Amino acid sequence: MKENQAAYQVVDECEKEMIHLWEELVTMESGLFCKTETDAISRRIASFIEKIGGRTRGISMDDAPDVLIGEFGDMTQPFVVLTGHMDTIFKKGTPEERPFRIEDGKAFGPGVLDMKGGIVILLYALLALQKIGYKKYPIKVILVGDEEVGHQKSSAISAIQREAVGAKAAFNFETGFVDGGIVVKRKGLYQFMVEVFGKGAHVGNDPENGRSAIKEIAYKVLDIEALTDWQQGNTFNVGWIEGGTVPNATPAYAKIVCDLRCENPDTLPQIKQSIEEVVKKTYVEGTSTKLTPLIEAKAMKKLDASMELFAFVKKTSEQEGFGTLYPKEVGGVSDSAYFTDLGIPTLCAMGVQGGRNHTVEEFAIVETLFSRTKLLCAVLLALA
């Protein structure tokens, strides 16, 4: 317990530094498909890791931000992974529009919760542990720069799984929940686009020759939404629709972008077949439809070993006075899936606690930046 208190003291002494780094990371651009800017964040984090005694290397991606690897100790031995992502969901320029600020114990700004606060936690836990001479397990940091877009243009997934081989456990510092939930299971994700091609016509002079792409896609919106199966835990959302040009012309083109959250990944092939059947069916004669897969992310499996790891973390949290935790199952995806896919015990949502991520109302509770850092120190010191 003396080690715990020594680590906590380091965290207490670094509170202002932690807030400063938090603000710095939120202020730095790392929106969707911002490779140059996100790589700059990677370099900033790498410099921090190197300054406290770690080794770093990058895994280069041509059309996406690079993957950052940080290492402490002998990586030929069983090691612990601390992981997360550096990118945010917001468009370029958002940090300038909504800068970091703290009001009434809450921090605001793009990515303040999801998940730049989590990055600060893992970095300062490492700093505290290095200062007290931690040698128990080698530690590997894996940070990606394109998680929010599902690694569409990179090989980050294969890099994650290659780097994870030999891991004893993995902790992901995604969005922490205010209710004390630690994520042990996540649904899988499948996003796809449906385009309809019709025939334009003047609706006053030549309406009979028009073939409305909007009318056809309207039927398909209803058919796709009807595929939702609440009992199976499979939910569809048509979240983006566009089409047509002007009200006095039959729309020759329309498209929708859809999101599926899948409880059981084994059912995904059958679900995809149902989607294809919707696409093949024609309501408006003379139109054609095209299906384009966009993103597919695996489900985070609920492993028995993850539940054992959770029980240990829960006990540690209670013993150290950081509150009672509970195992949470959610629909949102994360890269934790690629660790459980390898059978590695994994806990997700270990980051700063807050809410409303992916919105302009995103916030994080400042005090939990420090308490979650201390919890991570306690967990790594006690891990058997």
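**Notes on helix α9, its neighbours and a few odd residues**

1. Let's start with helix α9, residues 304-319: its 16 residues reach 23 Å from the first C-alpha to the last, close to the 22 Å expected at 1.5 Å a residue. That expected span is 1.5 Å times one less than the number of residues. Helices here are DSSP runs (H or I, at least four residues), strands are E runs of at least two, and both are numbered from the N terminus.

2. A word on what you are looking at: this is a predicted model, where local features need pLDDT of at least 70 and side-chain atom pairs count only at pLDDT 80 or more, while totals for chains, interfaces and linings use all residues. Residues are numbered from 1 along each chain as its sequence is written, and side-chain values use heavy atoms, with hydrogens and water left out.

3. Which residues of α9 are buried? They are S306, L309, F310, V313, T316 and S317. They sit on the same side of α9 because they cover an arc of only 125° around the axis, taking the directions from the helix axis to the C-beta atoms. Buried means under 20% relative accessible area, exposed means over 50%, and partly exposed is in between (1.4 Å probe, protein chains only).

4. Now turn to the other face of α9, the one pointing away from the buried side: here you find the exposed residues D304, E308 and Q319. Just past the end of α9, G321 has a positive phi of about 80°.

5. What covers the buried residues of α9? The cover includes the strands β7 (167-172), β9 (181-186), β14 (326-330) and β15 (346-347), plus the helices α10 (337-340) and α11 (366-382). Contact means heavy atoms within 4.5 Å.

6. Take α11 as a partner of α9. Two packed helices are described by the angle between their axes and the distance between the axes. The axes of α9 and α11 come within 10 Å and cross at roughly 120°, so the two helices are oblique to each other. Axes are lines fitted to C-alpha atoms, for helices over the stretch in contact, and angles run from 0 to 180 degrees between N-to-C directions. Under 35 degrees counts as roughly parallel, over 145 as roughly antiparallel, 65 to 115 as roughly perpendicular, and the rest as oblique.

7. The crossing of α9 and α11 is right-handed: the near helix is turned clockwise from the far one by less than a right angle, whereas anticlockwise would be left-handed. On the α9 side F312, V313, T316 and S317 take part, and they meet L375, A378, V379 and A382 of α11.

8. For a second helix pair, look at α1 (residues 2-13) and α5 (residues 112-131), which pack at about 130° with axes 9 Å apart. That angle makes α1 oblique to α5. A7, V10 and V11 of α1 make the contact with L127, A128 and K131 of α5. This crossing is right-handed.

9. Check the backbone of α5 too: the peptide bond from D114 to M115 is cis, with omega near -10°, and M115 lies in α5.

10. Two loop residues have positive phi without being glycine. D104 has phi near 50°, lies between β4 (101-103) and β5 (106-108), and is exposed at 81% relative accessible area. R356 has phi of about 65°, lies between β16 (353-355) and β17 (363-365), and is partly exposed at 46%.

11. Finally, is K255 in strand β12 buried or exposed? K255 is buried, at 13% relative accessible area. Leaving out residues up to four places away in sequence, K255 touches M193, V194, E195, I217, W240, I241 and E242.
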